[in-house]
Each structure stands twice: as C-alpha cells, then as structure tokens.
Amino acid sequence: MKPEFFDACVTPLGWNQVDCLREHVKKSGLAEKIELVICSPLLRTMQTAVGVFGGENYTNGISAPPLMVENAADNGRPAISNLNCPPFLAVETCRERLGANPCDKRRSITEYRTLFPAIDFSLIENDEDVLWVPDVRETFESLGERGRKFIDWLWTREEKEIAIVTHSGLLWHTLRMYSKECHPTVRHEVSKYFANCELRSLVLVDRSMLGSDSPSYKYPCKIPDGVDLPSDVADKKQLEEEAQERTEPV
C-alpha cells in the first residue's frame, strides 16, 4: 500500500529468478518454439518477460531498438536486444487485480515506450491508467471474468506457441474457473497457486479435440530462497483472503 511501491519493479532476488528461468527456457529448447510473448503492461511483468524471453545483452552498433533500455527504471541491468527472439505484445486484460494497491497501477504508455522500445503497446487504448482507482479493489469475480475474456481473446491469435507473463492472482482465479468441470485431480493440478517466476505449460483445446502430448517445459522456480518483501507479504495476505472467501457460508 505504500506510495513508493507504485508500479513495483523486479527486486534483486526477482532478477536472480529471471536469470535462472531464462537459462531453463534456453536449455529446454522452449525459447526456439515461442512465436509470441504476451505480457501484462506493468513494470515487473515486462522486465520479467524481456529478461526471460528477450535477446542477448544489447550492444553498440546494432540499429534495432532494444526490448529494454539500460538501467530501465533504475534497475541496474544492461539493455536487452530484440534480436533472435519472438515479438512482444502488451495486453491490458492480463493485468494484476486492479485498484487500491499503488504497486498495481501502471505508468503511462508514453513512459513505457521509452523504457521498452521494442514492446508493442498498440492494443492499449489509453495512455494513462484509467482502469486503476485508488479506493476500490477489483472483486475476485471480476478478476476471473477478465481472465476468461483474455483466454477468449487468445483463441483469436494465429500463433500456436505463446508465452504469457502475467500475475498469480489472475492466473489462479481464471484457471480455477476453467477447471470446474475437470476431474478433481486435474482441477487440483491446474488451479495450484503460482510461485514467483514459475513457468507452466498448458495446452488449450476445444471439446471436440482428443488432447495432446504432456508438456515438458514446466519450471517450478526451484531457485534462490529468501525474503522478497513486500511481495511475499502481499501474496500471503491474498491467499488468506481467498481462503476466507472459500470458507464463508453462502
């Protein structure tokens, strides 16, 4: 809730996690399969997206605009190029739960374009953040419905292998809603809460299809432990709120 956490950036521990996930993505061969990277237009998700799926460190003499400029938002990181990597697209509907928390309010798209020149922001209509309000927190029902609309929009894309860098709250509520009709074992697996910088592979199919081979690129984020305040505290509080919501009588 502190104003200084406005549009919170990735912490040093978070960058360590990003570097480890990037190594996994490259070693597993997943990096070569991704056709599109979609990210929430918040600083921490875009930093994560370009850190994991972007090109190598940007060097002088290359004319292509970087995915992220050097020391973007005072993160102390080198610039990241957009060479030999998929296109990046920012999508507003996969943002974190809206309202109240300053860390979930985004900057202007004009400012983002100076920090992430090669990310495509063309689908975002408003330069300023008109979705975030200071005194109303988005309901869990609204969050899940927004996630459903995002999944519906995904079906309109021509790409088949898409990396989505978003937020645990939106993922949890969306996947829990989609898995209601699944076998309990499947429902439990699909709706597990996401850890920081965790990667999961999901195959989206319609009901007429028979399924697909099991994905082999999952990454559980088995990397540096340590306190990463305030996100750990926020995640714990959200889990407690959700647990209380599930136990309240109807």
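What percentage of the 250 residues in this chain is buried? Hold that thought for a second, everyone, while I mention that we are looking at a predicted model. The answer is 44%.

Let's walk along the chain together. It has 7 helices and 4 strands. Going along the sequence, they appear in the pattern α-β-α-β-α-β-α-β-α-α-α.

Now to the sheet. The 4 strands make an open sheet, ordered E3-E2-E1-E4, with parallel pairing. Its edge strands are E3, residues 119–120, and E4, each of which pairs on one side only. In general, strands of a sheet pair through backbone hydrogen bonds.

Have a look at strand E1, residues 36–39, which runs parallel to E4 and is joined to E4 by 4 bridges. E1 also runs parallel to strand E2, residues 88–90, with 3 bridges between them. A nice residue to click on is Ile-38: its bridge partner in E4 is Ile-164, and in E2 it stands opposite Leu-89.

Staying with E4, which of its side chains are buried? In this strand, residues 162–165, the side chains alternate. Ala-163 and Val-165 point to one face and are buried, while Ile-162 and Ile-164 point to the other face and are not. That fits a general picture: in a regular strand, side chains alternate between the two faces of the sheet.

Finally, let's zoom out to the whole chain. Of the contacts with a separation of 6 or more, 76% come from residues 24 or more positions apart. As for the outside, the accessible surface comes to about 14,100 Å², and carbon and sulfur atoms account for 53% of that surface.

Terms used:
Residues are numbered from 1 along each chain as its sequence is written. This is a predicted model: local features need pLDDT of at least 70, side-chain atom pairs count only at pLDDT 80 or more; totals for chains, interfaces and linings use all residues. Side-chain values use heavy atoms; hydrogens and water are left out. Helices (H or I, at least four residues) and strands (E, at least two) are DSSP runs, numbered from the N terminus. Buried means under 20% relative accessible area, exposed over 50%, partly exposed in between (1.4 Å probe, protein chains only). Contact means heavy atoms within 4.5 Å. Accessible areas come from the Shrake-Rupley method with a 1.4 Å probe; for residues, only the protein chains shown count as cover. Two strands pair if DSSP finds at least two bridges between them.
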